[in-house]
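Reader: I should like to understand how the terms used for a protein model are justified. May I ask about them in turn?

Author: Please do; each term will be set against its cut-off.

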Amino acid sequence: IVRAGPHAADEMNEMMKALNIDPAAVADADRRLYHDMMATCAECGSKNQCRRDLKNELAADNYTHYCGNADTLSELRAEPEMLAG
């Protein structure tokens with residue numbers, strides 16, 4: 001993550017929010033998982049698609065097709081304590 005730069009995983013928190021997942025709840029519940037997800041995001045080759053979908057509010061419909069964290073995000077969406085507000 002350090003090598004990729006300080007904003008290399010910014011999309012991860014935005015994706016979580018788009019999926020109604022509370023990033024702080026995930027970080028508090030499992031810091032290692034959160035950091036692993038950040039590393040996966042930082043190394044992702046689908047940044048353009050991700051950013052475009054986030055901007056156009058299509059991320060929730062499309063993330064499973066390209067996101068390296070898709071399986072984990074889908075699992076988190078199924079856990080009520082990880083959902084926002």
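Author: Let us begin with Ala59, a residue of helix 5. The model is a predicted one.

Reader: Is Ala59 called buried or exposed, and why?

Author: A residue is called buried when its relative accessible area is under 20%. Ala59 has a relative accessibility of 2%, so it counts as buried.

Reader: Which residues does Ala59 touch, apart from those up to four places away in sequence?

Author: Ala59 touches Met15, Ala18, Asp53, Leu54 and Tyr66. A contact here requires heavy atoms within 4.5 Å. There is also a pairing of positions to note: Ala59 and Leu19 are 40 residues apart in sequence, and their C-alpha atoms are 7.8 Å apart in space.

Reader: Tyr66 was among the residues that Ala59 touches. What makes Tyr66 buried?

Author: The cut-off for buried is under 20%. The relative accessible area of Tyr66 is 15%, and therefore Tyr66 is buried. Tyr66 is placed in the loop between helix 5 and helix 6. Leaving out residues up to four places away in sequence, Tyr66 touches Met15, Ser46, Gln49, Cys50, Asp53 and Ala59.

Reader: How far apart are the C-alpha atoms of Tyr66 and Tyr34?

Author: They are separated by 19 Å, and the two residues are 32 apart along the chain.

Reader: Where is Asn69, and which residues is Asn69 in contact with beyond its neighbours within four places in sequence?

Author: Asn69 is in the loop between helix 5 (59–62) and helix 6 (70–77). Its contacts, with those neighbours left aside, are Met12, Met37, Thr40 and Cys41.

Reader: Why is Asn69 called buried?

Author: Its relative accessible area is 6%. Buried means under 20%, so Asn69 is buried.

Reader: How many cavities of 30 Å³ or more does a search of the whole structure find?

Author: The search finds 1 cavity of that kind, and the volume of the largest cavity is about 110 Å³. Its lining has 14 residues, of which the closest to its centre are Cys41, Cys44, Cys50, Cys67 and Asn69.

Reader: Which helices each supply at least two residues of that lining?

Author: They are helix 1 (10–18), helix 3 (31–42) and helix 4 (47–55). Helix 1 gives the most, with 3 residues.

Reader: How is the lining of the largest cavity divided by class?

Author: There are 8 nonpolar, 4 polar and 2 charged residues in the lining. Cys counts as nonpolar in this scheme.

Reader: Why is Glu57 called exposed?

Author: Exposed means over 50% relative accessible area. The value for Glu57 is 71%, so Glu57 is exposed. Glu57 lies in the loop between helix 4 and helix 5. Although Glu57 is not a glycine, its phi is positive, at about 55°.

Reader: What makes Asn20 partly exposed?

Author: The term covers values between the cut-offs of 20% and 50%. Asn20 has a relative accessibility of 39%, and therefore counts as partly exposed. Asn20 lies in the loop between helix 1 and helix 2 (23–29). Asn20 has a positive phi of about 65°, although it is not a glycine.

Reader: Why is Leu83 called partly exposed?

Author: The relative accessible area of Leu83 is 30%. Partly exposed lies between 20% and 50%, so the term applies to Leu83. Leu83 is found in the segment after helix 6.

Reader: How far apart in space are Leu83 and Asn20, C-alpha to C-alpha?

Author: The separation is 5.6 Å, although the two are 63 residues apart along the chain. With residues up to four places away in sequence not counted, Leu83 touches Asn20, Ile21, Asp22, Leu76 and Arg77.

Reader: How many helices and strands are there in the chain?

Author: The chain has 6 helices and 0 strands.

Reader: Why is the chain called as compact as a globular protein of its length?

Author: Its radius of gyration is 12 Å, and the globule rule gives 12 Å for 85 residues; the two are close, so the chain is as compact as a globular protein of that length.

Reader: What share of the residues is buried?

Author: Buried residues make up 35% of the 85 residues in the chain.

Note on methods: Residues numbered from 1 in each chain as written. Predicted model: local features only at pLDDT ≥ 70, side-chain atom pairs only at ≥ 80, totals over all residues. Heavy atoms only, no water. 1 Å grid on protein atoms, 1.4 Å probe; cavity = no way out; pocket = protein on both sides within 12 Å on 5 of 7 lines; lining within 4 Å. Points joined across faces, edges and corners; volume = space filled by probe spheres on them. Rg over C-alpha atoms; globule rule 2.2 N^0.38 Å. Buried < 20%, exposed > 50% of the residue type's maximum accessible area, 1.4 Å probe, protein only.
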